[in-house]
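Visitor: I'm new to this one. Could you walk me through a few parts of it?
Guide: Yes, here it is.

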Amino acid sequence: MTNALAVSGLTKTYEDFHLDHVSFTVPSGSIVGLIGENGAGKSTTINAALGLIQKEDGVVSILGREELDGDIKEQIGVVFDGSNYPEILSPRKLNRVMKNIYRTWDEQTYFSLLKQFSLPSEKPIKQFSKGMKMKLAISAAFSHHSRLLILDEATSGLDPVIRDDILDMLLDFVQDEEHSILVSSHITSDLEKIADYIVFIHEGKVVFSKPKDELIEQYGILKCGAAQFDALDRSDIIAYRKMDYGWQILISDREGIQKKYPKAMVVPASIDEIMLLYVKGEK
Amino acid sequence: MKGVLVKDLYIARSNILVTIVSLMVLGFGLSFLLETSALLVLAPVVSTTAVFISITSDGASKWNKNIITMPISRSQIIGEKFLFYILLALLGMLTALIPCGVLACFGVDVTLRSLCLYGSIGISTTLLAGGISLPCAYLFDPEKSQIVFMMSFMASTGIIAGLVLLTNLVFPVKENILLAFNLVLVISIIWFFISYWIAAKVYQKRDIT
């Protein structure tokens, strides 16, 4: 399987933050969710991959090429949080701008998406709601035959109905195996619905990069009291937290653990819970 | 680059229209008091303010971040702003020439020499100022760049005065005033291109977030 995006050893240092040799891939035809708390390094990773910021070290390969030239950029659709288009423009004027930027700009697709999203083509963007701006940005990203979509917190601040519409569009997009998506979000429930792989970044480092199904089907939380916690084999524990009512222990082999400790209560873990235990738990 | 230029024309459209109308009114209005061709000094300077409106708008809407992800290079992004600046300066000149032409038809004394002289001073001031303020717009935050923008016109006037004084050491400027200001114009054009080169180099390495 080829990779639409391959990030290897990406490093960037700021005064108060260090992106530390981040590596992961976005296989062609898949959706990869980049998760992590605010300030974990998701946007820095995306910005460095897109050449918005200078990386100190590491290699980024997009659609098989390390040089991010015009030809590659034609095939990447990027959606940031907010529309990031001049607010004085209307979608129709934006079309005139974009068709002079992208060689592959498809007016027909663009206007049909505007129609599908019920976006007025003559109204200035400044009069749009946040959801409308996001739909416009997604329409633009879909209108130049992108092969790789990169969305940075694109669904944050949107209501569940609009988010669901957008998630459906993303799922449609990857029906073509040539198409791939990297989506960063701290709304993990969205990623649970659509992602094939989850990359978890914490304090500038990749904590894990795993298929979502593996996380959902194999990871779990063992809930127990102090005595049972003390009796646990430490190598079974990924992270643990002491709660008011007992202990919560993140484990990576739900069935195996249940067999090993038949009296323990082992429940499936959501991505949110996995993330919380990694961030707030002890190891 | 064409798409970005189209975007800037949309953003600056209302400002450009106001500038054109103001220059027309000034041209005809001042003709009773001053030499009409003197408007050529003011026109290109006033017209180029629209570039800074577009730079501010790009920052506020985060278009400057979005455009980096599009198939256009960083040097093209900078090049477009410099080109837009020149186009606006020329548009200002052309607009100022309209009242000059109309008034000349009605017998007002507008000579080719005065048009060349004032035109040369106007374009020199604009290019020298742009050569200072445009790179700074990408180096500093919007507040600081607005201050630099205003200061740049004062600085360019000072530079022109200095260049004329230096020229006077080589040949008497009073007898060769047009030649002296054409020399200043050539230096301004060279400075503007050097400024573009510096701005493009600096922007190449700049983090856009």
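Guide: One cut-off to begin with: a residue is buried if 20 or more other C-beta atoms lie within 10 Å of its own, exposed if 12 or fewer, and partly exposed in between. Bear in mind that this is a predicted model.

Visitor: OK, so why does A:H21 count as partly exposed?
Guide: Because A:H21 has 15 C-beta neighbours inside 10 Å, and that falls between the two limits.

Visitor: Where is A:H21 found?
Guide: In strand β2 of chain A, which covers residues 18-27. The phi of A:H21 is near 45°, a positive value in a residue other than glycine.

Visitor: Why mention the sign?
Guide: Because most residues other than glycine have a negative phi.

Visitor: What is phi of A:E203 near?
Guide: Near 50°, again positive and again not at a glycine. A:E203 lies in the loop between β8 (197-202) and β9 (205-211) of chain A. With 15 other C-beta atoms within 10 Å, A:E203 is partly exposed.

Visitor: Switching to strands. Which residues of β5(A) are buried?
Guide: A:I76 and A:V78 on one side, and A:G77 and A:V79 on the other. Both faces of β5(A) are covered.

Visitor: Why do they split up that way?
Guide: Because in a regular strand the side chains alternate between the two faces of the sheet.

Visitor: In which sense do β5(A) and β6 of chain A pair, parallel or antiparallel?
Guide: Parallel, over four bridges, with β6 running over residues 148-152. A:V79 stands opposite A:L151 in β6(A).

Visitor: Now helices. At what angle do α4 and α5 of chain A cross?
Guide: Roughly 155°, and the axes of α4 (residues 107-116) and α5 (residues 130-142) come within 9 Å. That angle is over 145, so α4(A) is roughly antiparallel to α5(A). The crossing is right-handed.

Visitor: Which residues make the contact?
Guide: From α4(A), A:T109, A:Y110, A:L113 and A:L114; from α5(A), A:S139, A:A140 and A:F142. By class, five are nonpolar, two are polar and none is charged.

Visitor: And chain B? How many residues does each chain put into the contact?
Guide: Chain A puts in 26 residues and chain B 21 residues. On chain A's side, α2 (70-74), β5 (76-79) and α3 (91-99) each supply at least two. The largest share, four residues, comes from α3(A).

Visitor: How do the residues on chain A's side divide?
Guide: Into 14 nonpolar, seven polar and five charged.

Terms used
Residues are numbered from 1 along each chain as its sequence is written. Chains are lettered from A and ligands numbered from 1 in the order in which they are written. This is a predicted model: local features need pLDDT of at least 70, side-chain atom pairs count only at pLDDT 80 or more; totals for chains, interfaces and linings use all residues. Two residues are in contact if their C-beta atoms, placed from the backbone, lie within 7 Å. Ala, Val, Leu, Ile, Met, Phe, Trp, Tyr, Cys and Pro count as nonpolar, Asp, Glu, Lys and Arg as charged, and the others, Gly among them, as polar. Axes are lines fitted to C-alpha atoms, for helices over the stretch in contact, and angles run from 0 to 180 degrees between N-to-C directions. Angles under 35 degrees count as roughly parallel, over 145 as roughly antiparallel, 65 to 115 as roughly perpendicular and the rest as oblique. A crossing is left-handed if the near helix is turned anticlockwise from the far one by less than a right angle, and right-handed if clockwise. Two strands pair if DSSP finds at least two bridges between them.
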